[in-house]
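Here is a set of short exercises to try with a structure open beside you. Have a go at each task before you read its solution.

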Amino acid sequence: MIEDRAMVQAVLAGVPGAFEQLVRTHQRLTWHILARMVRDPEDARELAQETFLRVHAQLHQFRFESALKTWIGRVAYSIALRHLEKKKLNLVSLDIEPEEGAAPAWEPADPAADLEALWADAQVRDRLHSAIETLPELPRTLLTLHHLDELSIAEIAQITGLATGTIKSHLFRARARLREQLGDLASPARHACTARF
Amino acid sequence: MSSHPDPRHADSPEQERHWQAQEAAMQTAAISGPPADAAYRLIHRALQGDAPGALPADFAAQVARRAQRSALPALGGFERWLPVWALVPFALSALVLLALMGMPPWASWWTGADAGLRVALGWGVLSVLVLGVGALPWERRLARAV
């Protein structure tokens, strides 16, 4: 928070290079949010510029009530949402649809499977990454923020405005779906892991 | 906050166990331990390495240049109002000239007008001036010109 304060004050005072430093510090998180929410990389790049221009214009309104990264993340998230709304994409439809009446049935994928060997297999890694890509935008974004940017659920709630229970539900179901697909990878001949939700 | 409901992520002890396993998988990068956790660790590893695309290397410099171009110089209160205050002596001079030299011939309609109309017009002109001064784009253009 002290670093945030120094950085914000430097930008507002017009210190040369201060805003560039701010962008460099927070561009990774911003990119992850936008690239995950907006599938087109060109659109995501334009929205990243728009995000930081808005941050620059509104930085004097930042009250240090949250970390600067979550404030910037929230700007990026709201810009991505507006972009999706313009494209008539309803975020609710971007969720994983639960299967009606499917009782959760948890079984380990294959206790005998050598997962380290699986990870070493490029084909398996590619298929796992493809499975991540096929997830709907919202859970995919939440997974990236939680696993790649290592944000806590409370921080993700500040960025997205979603309730923590909603975020947990998205994470849980998305990871369960990936695990289900991993079960197919570990044992293609049969659906060993039948995690349904 | 969102209007979404706040669903439970785990409705049974078994699901809760899996939730704990999912979260615990983030604590260690190594793919080891009980098989049930290993799958989630593999997923965690995939998600950690799954950075989609990238921004240009000079993105920060590009954005900083654009922000600098689009931003007006930060003016203090005194500087911001300086162009407006500069108009005051001109207005006073005009009033003094009118008082000393009288109305010009082309303004004879004014002296012939009804007193009530003159008062109303005076207030109307003053209101337009105040609104014009208060309008931000007008003020910005003036500030940029100074």
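The exercises below concern a predicted model, and each one comes with a worked solution.

**Exercise 1. The nonpolar core**

Find which residues of the largest nonpolar core touch the most other members, and which helix gives the core its largest share.

*Solution.* Start with the core as a whole: it holds 68 residues. Within this set, Phe19(A), Leu22(A), Leu59(A) and Leu68(A) touch the most other members. Next, look at where the core residues come from. Helix H2 of chain A, residues 18-37, supplies the largest share, with 10 residues.

Now take Phe19(A) and list its contacts, leaving aside neighbours within four places in sequence. In chain A, Phe19(A) is in contact with Val11(A), Phe52(A), Val55(A) and His56(A). In chain B, its contacts are Val63(B), Ala64(B) and Ala67(B).

**Exercise 2. A salt bridge between two helices**

Work out which parts of chain A are tied together by the salt bridge of Arg36(A) and Glu133(A).

*Solution.* First, some context: a search of the whole structure finds 12 salt bridges over all chains. In one of them, the side chains of Arg36(A) and Glu133(A) meet at 2.9 Å, N to O. Arg36(A) lies in helix H2 and Glu133(A) in helix H6 (residues 122-133) of chain A, so the pair ties together parts that are 97 residues apart in sequence.

Then check the surroundings of each partner. Arg36(A) has a relative accessible area of 1%, so it is buried. Glu133(A), at 33%, is partly exposed. Finally, widen the view: Arg36(A), Glu133(A) and Arg140(A) are linked in a network of salt bridges.

**Exercise 3. Two salt bridges that involve helix H3**

Decide where the partners lie in the pair Lys87(A) and Asp43(A), and in the pair Glu50(A) and Arg54(A).

*Solution.* Begin with Lys87(A) and Asp43(A), whose side chains meet in a salt bridge of 3.0 Å, N to O. Lys87(A) is in the loop between helix H4 (68-86) and helix H5 (115-120) of chain A, while Asp43(A) is in helix H3 (residues 41-58). The two are 44 residues apart, and the pair links distant parts of the chain. Lys87(A) is partly exposed, with a relative accessible area of 48%, whereas Asp43(A) is buried at 16%.

Now turn to Glu50(A) and Arg54(A), which form a salt bridge with the closest N and O atoms 3.9 Å apart. Both residues lie in helix H3 of chain A, 4 residues apart, or about one turn of the helix. Glu50(A) is partly exposed at 28% relative accessible area, and Arg54(A) also counts as partly exposed, at 25%.

**Exercise 4. Aromatic rings and the charges over them**

Describe the aromatic pair of Phe62(A) and Trp71(A), then find which rings have Arg5(A) and Arg179(A) over their faces.

*Solution.* An aromatic pair is described by the distance of the ring centres and the angle of the planes. The whole structure has 3 such pairs over all chains. For Phe62(A) and Trp71(A), the centres are 5.2 Å apart and the planes are at 45°, which makes the pair tilted. Phe62(A) is buried, with a relative accessible area of 5%. Trp71(A), at 19%, also counts as buried, because the cut-off is under 20%.

Next, add a third ring: Phe62(A), Phe64(A) and Trp71(A) form one aromatic cluster. Arg5(A) lies over the face of Phe64(A), at 4.1 Å from the ring centre. Last, Arg179(A) lies over the face of Tyr40(B), at 5.0 Å from the ring centre.

Terms used
Residues numbered from 1 in each chain as written. Chains lettered and ligands numbered in written order. Predicted model: local features only at pLDDT ≥ 70, side-chain atom pairs only at ≥ 80, totals over all residues. Heavy atoms only, no water. Core = buried A, V, L, I, M, F, W, Y, C linked by side-chain atoms within 4.5 Å. Buried < 20%, exposed > 50% of the residue type's maximum accessible area, 1.4 Å probe, protein only. Contact = heavy atoms within 4.5 Å. Salt bridge = Lys/Arg side-chain N within 4 Å of Asp/Glu carboxyl O. Phe/Tyr/Trp six-rings, centres within 6.5 Å; stacked < 30°, edge-to-face > 60°. Lys NZ or Arg CZ within 6 Å of the ring centre and 35° of its normal.
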